[in-house]
Amino acid sequence: MAVNKSKVSVGFIIVGVLTAFFGIVLVFVGPIVIDDQVVKNTIIDPKNDLTYTMWKDLPVPFFMSVYFFHVLNPEEILKGEKPMVEQRGPYVYRKQCRKENITFHPNSTVSYREYRRYFFEPSMSVGNESDVVTIPNMLVLGAAVMLEDLPYAVRLLISATFKTFQEGPFLTKTVEELMWGYDSKLVEFLNKYLPGMLPSTGKFGLFAEFNNSNTGLFTTHTGKDDIRNVHKVDSWNGLTELKYWRTPQCNMINGTAGQMWPPFMTKETTLPFYSPDACRSLELVYQRPGVMNGIPLYRYVAPKTMFANGTDYPPNEGFCPCRQSGLLNVSSCRYNSPVFISHPHFFNADPVLLDYVLGLYPTEEEHGLFIDIHPLTGVPLNVSIRLQLNLYMKRVSGITETGRISEVVMPMLWFEEKGYIDGPILTTFHTNLVILPAVMEYMQYIFIALGLLTTIVAVLVFYKVKTSSNKAATSPFFENSWRETCEGDASLRESTSTSTHERTPLLQDKQH
């Protein structure tokens with residue numbers, strides 16, 4: 001029986017050692033297996049159901065919220081007083097995106113056009129699209145700045161044209177008209193006699209060119225040849241660099257198309273992307289870690305240098321002519337109209353901008369843009385892109401519609417494009433990229449602990465069995481030796497006693 005226990009103990013020692021060894025192997029092999037699965041599933045490939053669907057059709061809820069800056073004192077502004085505005089909104093639109101004309105190329109790139117449509121969501125909005133708002137008239141005040149260097153007589157003629165078509169310095173229109181366009185006889189006149197001056201040939205609206213449109217022909221890397229390049233833009237509308245700006249660096253098309261990024265991100269990684277709407281590449285930087293529904297994330301935000309002027313941040317010199325920091329001059333890609341992009345309420349901008357307009361209250365929580373991204377896969381979990389549209393306006397002699405307007409960068413509206421992973425997509429994402437890796441991580445340590453415990457117990461049992469066997473083998477020898485010693489002592493005593501009795505009579509005879 002002891003021999004059998006010994007063999008069983010040896011067997012358990014072997015099993016324990018193998019189990020611990022398997023756990024140790026998992027410690028090194030597990031992350032490699034996970035990374036390999038991440039690579040396979042983040043490549044742009046129709047075989048990857050989850051990530052390809054997210055890339056192609058954007059199946060998560062995505063909304064655009066628009067806030068107008070309603071002008072409270074238009075008459076006073078024309079007299080040179082400080083503008084006073086009141087924020088109106090949000091007016092929320094559900095954004096639907098889909099990629100079409102998807103073509104894969106032999107050089108591990110894919111081309112596509114992404115179309116977008118917007119649908120008004122009354123239940124999420126503060127009011128209806130029929131709400132009326134007053135904002136500066138871009139057709140008048142924007143054109144005045146654009147044409148201020150023309151001869152005085154020509155400016156008088158332009159002013160007369162505005163009066164003929166009953167176009168004043170401020171517009172009071174419904175939200176729907178301001179967003180998607182309204183009929184204007186001036187627009188019809190300009191399109192007929194000065195074609196190409198306006199961005200659209202139909203109605204004039206701030207977002208008219210966004211709805212039912214595409215963002216251009218993107219060609220991006222699929223990641224099949226190098227996963228570090230997945231989603232990065234190879235070209236846009238056939239261009240590998242832009243022609244809007246003054247320096248090669250500012251004209252570079254960097255990063256992705258702004259929807260997904262390469263996997264295996266670190267805190268030192270940045271989020272570069274090209275935005276056709278901003279006419280340039282932008283870059284977000286790491287701010288802090290976080291968790292969303294149990295999924296680890298990194299939060300990326302816009303650095304203060306994003307819209308800084310060339311004086312405060314020399315690399316941005318190519319985006320000039322500049323004004324105060326916090327403003328991006330996009331006139332070069334917006335038909336030379338004096339339009340500036342900024343963060344809402346001039347957040348992170350030169351404080352002097354807030355002195356020129358009353359009614360602005362910037363905060364990071366409400367007006368800072370951010371992207372929460374899963375660092376292992378490069379998939380955004382929560383996105384909030386917030387930008388503001390501003391019009392530079394001033395008094396232009398000869399164009400009486402400008403009155404005595406003080407020089408000012410006037411906020412017109414700001415919008416937030418927001419989306420987050422939810423529903424079945426979130427469940428699948430959480431299962432595949434959080435639960436399964438965690439189970440694998442826990443299992444490797446369980447194997448190591450179980451193996452070590454089994455080995456230790458088996459060694460102790462083996463030692464006990466061996467000790468018992470040795471005692472059993474040596475006990476009879478000591479028992480026989482003790483018995484033989486005792487028997488020898490008894491014989492010796494008996495022999496001695498007999499000799500004594502034999503000698504006693506002889507002594508007695510001698511005494512007699």
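These are my notebook entries on the cysteines in this structure, which is a predicted model.

**Entry 1: counting the links.** I started with a search of the whole structure for disulfides, and it turned up two. I then numbered the bonded cysteines of the protein chain in sequence order, and the pairing came out as 1-4, 2-3.

**Entry 2: Cys279 and Cys333.** I looked up this pair next. The sulfur atoms of Cys279 and Cys333 sit 1.9 Å apart, and the two form a disulfide. I checked the twist too: the angle about the S-S bond is 85°, so I wrote down "right-handed" for Cys279 and Cys333. What does this link tie together? Cys279 is in the loop between strand E8 (271-275) and strand E9 (280-292), while Cys333 is in the loop between strand E11 (328-329) and strand E12 (339-342), so the bond joins parts that are 54 residues apart in sequence. Are Cys279 and Cys333 buried or exposed? Both Cys279 and Cys333 are buried.

**Entry 3: Cys320 and Cys322.** Here I found a disulfide with the sulfur atoms of Cys320 and Cys322 1.9 Å apart. The link of Cys320 and Cys322 is left-handed, with -90° about the S-S bond. I looked at accessibility as well: Cys320 is buried, at a relative accessible area of 10%, whereas Cys322 is partly exposed, at 30%.

**Entry 4: Cys250 and Cys97.** I wanted to know which cysteine sulfur is nearest to that of Cys250. That turned out to be the sulfur of Cys320, 8.3 Å away, and Cys250 is in no disulfide. Cys250 counts as buried because its relative accessibility is 4%, and the cut-off for buried is under 20%. I noted Cys97 as buried too, with a relative accessible area of 5%.

Technical notes:
Residues are numbered from 1 along each chain as its sequence is written. This is a predicted model: local features need pLDDT of at least 70, side-chain atom pairs count only at pLDDT 80 or more; totals for chains, interfaces and linings use all residues. Side-chain values use heavy atoms; hydrogens and water are left out. A disulfide is a pair of cysteine sulfur atoms within 2.5 Å. Helices (H or I, at least four residues) and strands (E, at least two) are DSSP runs, numbered from the N terminus. Buried means under 20% relative accessible area, exposed over 50%, partly exposed in between (1.4 Å probe, protein chains only).
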